[in-house]
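Got your viewer ready? Load the model, switch on side chains, and follow along stop by stop.

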Amino acid sequence: DIGPRFFKEFLPPVLDKNFGKWVSHEILEPGLLVHEASSGDKVYTVRVGSARLVSTEYIREACAIAKQYCDGYLRWTTRNNIEFMTTSLETAKKLKADLNGRKFDKGSFKFPVGGTGASVSNIVHTQGWVHCHTPATDASGTVKVIMDELFEEFTHMRMPAIVRVAVACCLNMCGACHCSDLAVVGFHRKPPYVDHEYLDNLCEIPLAIASCPTGAL
């Protein structure tokens with residue numbers, strides 16, 4: 001069939017059981033939330049920041065963590081966070097400690113816990129040079145250096161309110177710049193040149209190149 005499968009097929013049983021019946025939620029500490037349903041059921045969520053572009057090994061590790069602590073369930077948010085959900089506060093605490101203890105070889109956090117409440121959210125950004133046709137700049141490097149400076153505010157909740165940051169690689173701004181508090185937007189200072197010698201040998205050529213009357217695209 002065409003299109004994605006029905007989303008409720010992938011919900012954890014407690015979310016499926018209480019769908020549309022949640023009555024309250026609370027942030028217990030940075031990166032740890034609890035939602036309570038009218039039935040009395042509670043779900044504890046541990047949120048971690050993730051890059052938009054990740055390796056298959058990273059995804060497999062995230063899935064292994066979900067299998068160990070959350071019966072195999074996890075979800076990605078629109079701001080590239082990963083959320084692990086469990087019905088046990090004790091399990092959530094152990095999970096948070098485990099996630100904070102996982103680091104890359106150079107010492108940076110694999111699964112930094114945070115991004116809740118009055119914090120700096122994970123940066124949402126466009127595809128950049130990895131996949132897009134029209135970027136004026138790349139996103140990943142810019143996002144990395146910005147988040148390196150703001151990382152402490154991601155893991156704490158001491159801002160006046162939540163601060164959303166976005167990076168867009170061109171004026172199309174598909175990186176949610178219009179609904180963020182701080183935005184970085186790349187733009188072309190000059191119309192890009194078309195290299196006809198190599199153009200036909202490249203993949204995913206946008207049709208605008210053939211239809212633009214001035215050759216500016």
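Are Arg47 and Glu83 buried or exposed? Select the two of them: both are buried, where buried is under 20% relative accessible area, exposed is over 50%, and partly exposed is in between (1.4 Å probe, protein chains only).

Before moving on, some housekeeping. This is a predicted model, in which local features need pLDDT of at least 70 and side-chain atom pairs count only at pLDDT 80 or more, while totals for chains, interfaces and linings use all residues. Residues are numbered from 1 along each chain as its sequence is written, and side-chain values use heavy atoms, with hydrogens and water left out.

**Salt bridges**

Stay with Arg47 and Glu83: their side chains meet in a salt bridge, 2.8 Å from N to O. The term stands for a side-chain nitrogen of Lys or Arg within 4 Å of a carboxyl oxygen of Asp or Glu. Arg47 belongs to strand 3 and Glu83 to strand 5 (residues 81-86), so this pair ties together parts that are 36 residues apart in sequence. Helices (H or I, at least four residues) and strands (E, at least two) are DSSP runs, numbered from the N terminus.

The structure has 13 salt bridges. For another, select Lys17 and Asp41, whose closest N and O atoms are 2.9 Å apart. Lys17 is in helix 1 and Asp41 in the loop between strand 2 (32-37) and strand 3 (42-49), so the bridge ties together parts 24 residues apart in sequence. Colour by accessibility and you'll find Lys17 exposed, at 52%, and Asp41 partly exposed, at 21%.

Now jump to Lys110 and Glu61, a salt bridge with its closest N and O atoms 2.9 Å apart. Lys110 sits in the loop between helix 3 and strand 6, and Glu61 in helix 2 (residues 56-69), so parts 49 residues apart in sequence are tied together. Add Asp98 and Arg102 to the selection: salt bridges with shared partners join Glu61, Asp98, Arg102 and Lys110 into one network. Glu61 counts as buried, at 19% relative accessibility.

**Aromatic rings**

How many aromatic pairs does a search of the whole structure find? Four, counting rings of Phe, Tyr and Trp (its six-membered ring) with centres within 6.5 Å; planes under 30 degrees apart are stacked, over 60 edge-to-face, and the rest tilted. Select Phe109 and Phe151, a stacked pair at 5.8 Å centre to centre with 20° between the planes. Phe109 is in the loop between helix 3 (89-101) and strand 6 (124-125), while Phe151 is in helix 4 (residues 140-154), 42 residues apart. Phe109 is partly exposed at 32% relative accessibility, and so is Phe151 at 22%.

Keep Phe109 on screen and add Lys103: its charged end sits over the Phe109 ring, 4.8 Å from the centre. That call needs NZ of Lys or CZ of Arg within 6 Å of the ring centre and within 35 degrees of the ring normal.

Next, pick Phe6, Phe7 and Phe19, which ring pairs link into a cluster. Phe19 is in the loop between helix 1 (13-17) and strand 1 (22-29) and is partly exposed, at 42%. Add Lys8, which lies over the face of Phe19, 4.6 Å from the ring centre.

**Cysteines**

Last stop: select Cys63 and Cys70. The disulfide count is zero, a disulfide being a pair of cysteine sulfur atoms within 2.5 Å. The closest cysteine sulfur to that of Cys63 is in Cys70, 11 Å away and too far for a bond. Cys63 is partly exposed at 35% relative accessibility, whereas Cys70 is buried at 4%.
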